[in-house]
Amino acid sequence: MKSKIQIVEVCLRDGLQNEKQQLSIQQKKDLAKKLIAAGVSRLELGAFVRPVVIPQMTGTLQVVSGLRWPPNVIPSVLVPNLNGLEQALQTNIPEVAVFTACSETFNQKNINCSIDESFQRFAPVVKLAKKNKIRVRGYLSTCFFCPFEGLISERKVVDLTLRLLELGCFEVSIGDTIGAAGPSHVQSVFRKIKREVSLKKIAGHFHDTRGTALTNIYASLQQGVEIFDSSLGGLGGCPFAPGSSGNVATEDVVFMLHEMGLSTGLDLRLLNKTSLEISKWMHKKLPAKVSNAPKHWTQG
Ligand code: MG
């Protein structure tokens, strides 16, 4: 196999927070164990936010505290502010993530502050996290289109990416939050980013709202991106497009990457099996293609 692609499994946070059906703390722990058993080495376990804001993230502290992970596995939790980080410090989580967007309107609606204010909020979070040897991932949303402001300037994406790295993030996830980008646009953005920073510090985060997520991953691979976020079963949705599919499905990404001779360390058969189990927990068919495909000829 050729180079190894890192998959960051986001179903327990980005996926579940956009689903009506809530999982119990025990189900979340079981899902995390199944993902780790399937070879997942990077996974979000939840978010340290107030349950009244995002009820789906209730119990994140118990999920993280009640889980053992092998040394090669790096779980992460989203922390919107210092309060969130203080909860993270009660656990032995090795990574946290902060979240901002390229659009002022989206940021105001999503995290109730301007882009500049979000950076002011993150500065002490990153400082305290690093002091405690916790690495910090940065999520950058609406890097292509914003549901309120439309097309986003590529220069703005590059500038905010650099700003997150300068702040101390080890990696920035470039998000097509509403699944509106196409492959030419994606390549253009990554081409500009890689002029200024190593793509080793950059991840692609694609949503499949318009059916372009896998194509966008393929386009990103051609530019040299080797880290992708995905959600088992395609769990999740887009909060600004009710009923549309959400994050690209992990099993669909893994199927494509393995077909291309790229390794992921993931076991597609176990991913498919877990995805179908979670579909029962969620009481609905999940949007993933590969786990729902006939099994008589596909791998896994
Ligand atoms: Mg997402």
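**Figure 1. Asn112 follows helix H5 with a positive phi.** Just after H5, Asn112 adopts a positive phi of about 60°. Asn112 does so although it is not a glycine. The residue sits in the loop between H5 and H6. Helices (H or I, at least four residues) and strands (E, at least two) are DSSP runs, numbered from the N terminus. Asn112 is exposed, with a relative accessible area of 62%. Exposed means over 50% relative accessible area, buried under 20%, and partly exposed in between (1.4 Å probe, protein chains only). This is a predicted model: local features need pLDDT of at least 70, side-chain atom pairs count only at pLDDT 80 or more, and totals for chains, interfaces and linings use all residues. Residues are numbered from 1 along each chain as its sequence is written, and side-chain values use heavy atoms, with hydrogens and water left out.

**Figure 2. Ser103 caps H5, and H5 packs on H6.** Ser103 caps the N-terminal end of helix H5 (residues 104-111). A side-chain oxygen of Ser103 lies 3.4 Å from the backbone nitrogen of Thr105. H5 and helix H6 (residues 115-131) pack at an angle of about 50°, their axes 9 Å apart. H5 is therefore oblique to H6. From H5, the contact uses Glu104, Asn107 and Ile111; from H6, Ile115, Ser118 and Arg121. These residues divide into 2 nonpolar, 2 polar and 2 charged. Axes are lines fitted to C-alpha atoms, for helices over the stretch in contact, and angles run from 0 to 180 degrees between N-to-C directions. Angles under 35 degrees count as roughly parallel, over 145 as roughly antiparallel, 65 to 115 as roughly perpendicular and the rest as oblique. Contact means heavy atoms within 4.5 Å. Ala, Val, Leu, Ile, Met, Phe, Trp, Tyr, Cys and Pro count as nonpolar, Asp, Glu, Lys and Arg as charged, and the others, Gly among them, as polar.

**Figure 3. Helices H7 and H8 pack at an angle of about 45°**. H7 spans residues 154-167 and H8 residues 183-196. Their axes are 10 Å apart. H7 and H8 are therefore oblique to each other. H7 contributes Glu154, Arg155, Val157, Val158, Thr161 and Leu162 to the contact. H8 contributes His185, Ser188, Val189, Lys192, Ile193 and Glu196. By class, the contact residues of H7 with H8 are 5 nonpolar, 3 polar and 4 charged.

**Figure 4. Thr142 is a buried loop residue with a positive phi**. Its phi is about 45°, although Thr142 is not a glycine. Thr142 lies in the loop between strand S5 (135-141) and strand S6 (145-146). At 0% relative accessibility, Thr142 counts as buried.

**Figure 5. Asp229 contacts His205 from strand S10**. Asp229 lies in S10, residues 227-230. At 2% relative accessibility, Asp229 counts as buried. Its side chain makes a polar contact of 2.7 Å with the side chain of His205. A polar contact is a pair of N or O atoms within 3.5 Å; within protein, one must be able to donate a hydrogen and the other to accept it, and residues adjacent in sequence count only if both atoms are side-chain atoms. Not counting residues up to four places away in sequence, Asp229 touches Val8, Val10, Arg137, Tyr139, Ser173, Ala203, Gly204, His205 and Val248.

**Figure 6. Buried residues of helix H9 pack against strands and helices**. In H9 (residues 213-223), the buried residues are Ala213, Asn216, Ile217, Ala219, Ser220, Leu221 and Gln223. They pack against strand S8 (171-176), H8, strand S9 (202-206), S10 and helix H10 (250-259). Just after H9, Gly224 takes a positive phi of about 110°.
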